[in-house]
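The following exercises are to be worked with the sequence and the model at hand. Each task is followed by a stepwise solution.

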Amino acid sequence: MGPLIVNEIISQNTNYLLAFVIGIGFGFVLEASGFSSSRKLAGMFYGYDTVVLKVFFTAAITASLGLLFFSLFGWIDLSLIYINPTYLWSAITGGVIMGAGFIMGGFCPGTSFCGAAIGKIDAMIFIAGLFIGVLIFTEGYPLFEKMYMAEFLGAPKVSDSLGLKDGVFAFLLVLAALGMFWAGEWAEKKFPREEY
Amino acid sequence: MKSRVILAAFIIPLGLIIAAVPAYKTLSTSVSPEEILNEVRSGIQIITTDEVAEMIIAKDPSLLLIDIRSPEEFEKFNLPGALNIPIDNILSDEWIDIFDQNIKMNVLYGNGTTKSNEAWMILRQLGFENNYVLQGGLNYWAETIMNPKPPSNINPDDEIAKYDFRKGAGQALGGGSISVNQGNESTTKKAVIKRKKKKKRVAGGC
């Protein structure tokens, strides 16, 4: 049955409409979780607030269990799901740059738009910085190209590289997430911060 | 605190269930029965003995012959380069990567076609592609490739050409013996055989 767009159950236009609604939902959840506060996001790094970890890992385990159950019920064809291909070096470099920007700016790209939407000036400046980064990357692309395309691994799944069944991996992910939630709450008690 | 307990109570059992489900059930979903019926009726899974013979002789790297008979039968006779996966084992995790891929062209064969069609249908229901069934199985292989009957003179030219091909192929593939002649003889024979345009899917001819 699913994915709806690939199997032509919905049209491209309906797809955009759904994406619009889901996008608003995403922004709503980010804002409702307090992600438009840069202090909250930076708190993840310093350990006084781990709501970022909780929200994103809850999303990850919900989505992975959801997809596997949908597949089990025959509601979705997992082979048609797009998996972002892995270029090892650009993934590592990108992760480091993104992480550094996250701590320094207090936003990730999604939350910066969220913050800008409720009128936060630091978020708007963050977005400006984001576009400067885009400009540097695109203009300097010939310089980065070699590293950008290096170590292409296809679109591997962690479960495949570990030789685990998808379901077993999802279960381990659930346990890991719950463990991290527990550790996160412990950290919040250990490094409390009043004024943020 | 409490919300985490609720979350754990809800999500750990779900995780356990999905971990206990057999791997193939959460793979790409099955093809609908209507689609399979259509495919079976149009015979899209059948690949002719001539086509397979050509691919073997041309050492086509995309061909993977899969013998679904028992190991004993496989020992007695098999097609060159064939892999023995008895039909009882087709669902084991060991072979799933062979059946579920989109690079090679798997051709299943047994003595006839009943078992290979059964195996094909199971694999198809799992959503696997690139699996085919050898037309008529080994019996038909022996009849058409190993011991082709000469057509009578009134047959059209392409019948005679087909016979010539089969005769050449039969000799190149060892004419019914177990071992395959990989020596000079087969390379000289190769020159005789005209390579038809390779098709990915071949419907059964009559």
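**Exercise 1.** Determine whether A:C114 is buried or exposed, and explain why A:C114 forms no disulfide.

*Solution.* A:C114 has a relative accessibility of 9% and is therefore classed as buried; buried means under 20% relative accessible area, exposed over 50%, and partly exposed in between, with a 1.4 Å probe and protein chains only. Next, consider the sulfur distance: the closest cysteine sulfur to that of A:C114 belongs to A:C108 and lies 9.3 Å away, too far for a bond. A disulfide is counted for a pair of cysteine sulfur atoms within 2.5 Å. A:C108 is buried as well, at a relative accessible area of 12%. Over all chains, the structure holds zero disulfides.

The model is predicted: local features need pLDDT of at least 70 and side-chain atom pairs count only at pLDDT 80 or more, whereas totals for chains, interfaces and linings use all residues. Residues are numbered from 1 along each chain as its sequence is written, chains are lettered from A and ligands numbered from 1 in the order in which they are written, and side-chain values use heavy atoms, with hydrogens and water left out.

**Exercise 2.** Locate A:T50 and state which residues it contacts beyond its neighbours within four places in sequence.

*Solution.* A:T50 sits in the loop between helix 2 (38-46) and helix 3 of chain A; helices (H or I, at least four residues) and strands (E, at least two) are DSSP runs, numbered from the N terminus. The relative accessible area of A:T50 is 4%, so this residue is buried. Apart from neighbours within four places in sequence, A:T50 is in contact with A:M44, A:G184, A:E185 and A:E188, where contact means heavy atoms within 4.5 Å.

**Exercise 3.** Identify the buried residues of helix 1 of chain B and what they pack against.

*Solution.* Helix 1 of chain B covers residues 2-20. Its buried residues are B:R4, B:A8, B:I11, B:G15, B:I18 and B:A19. These buried residues pack against helix 3 (51-72) and helix 9 (166-190) of chain A. As a general point, an α-helix has 3.6 residues a turn, so residues three or four places apart point the same way.

**Exercise 4.** Describe which residues meet between helix 2 and helix 6 of chain B.

*Solution.* From helix 2 of chain B come B:I36, B:E39 and B:V40; from helix 6 of chain B come B:W120, B:M121, B:R124 and B:Q125.

Terms used
The expected span of a helix is 1.5 Å times one less than its number of residues.
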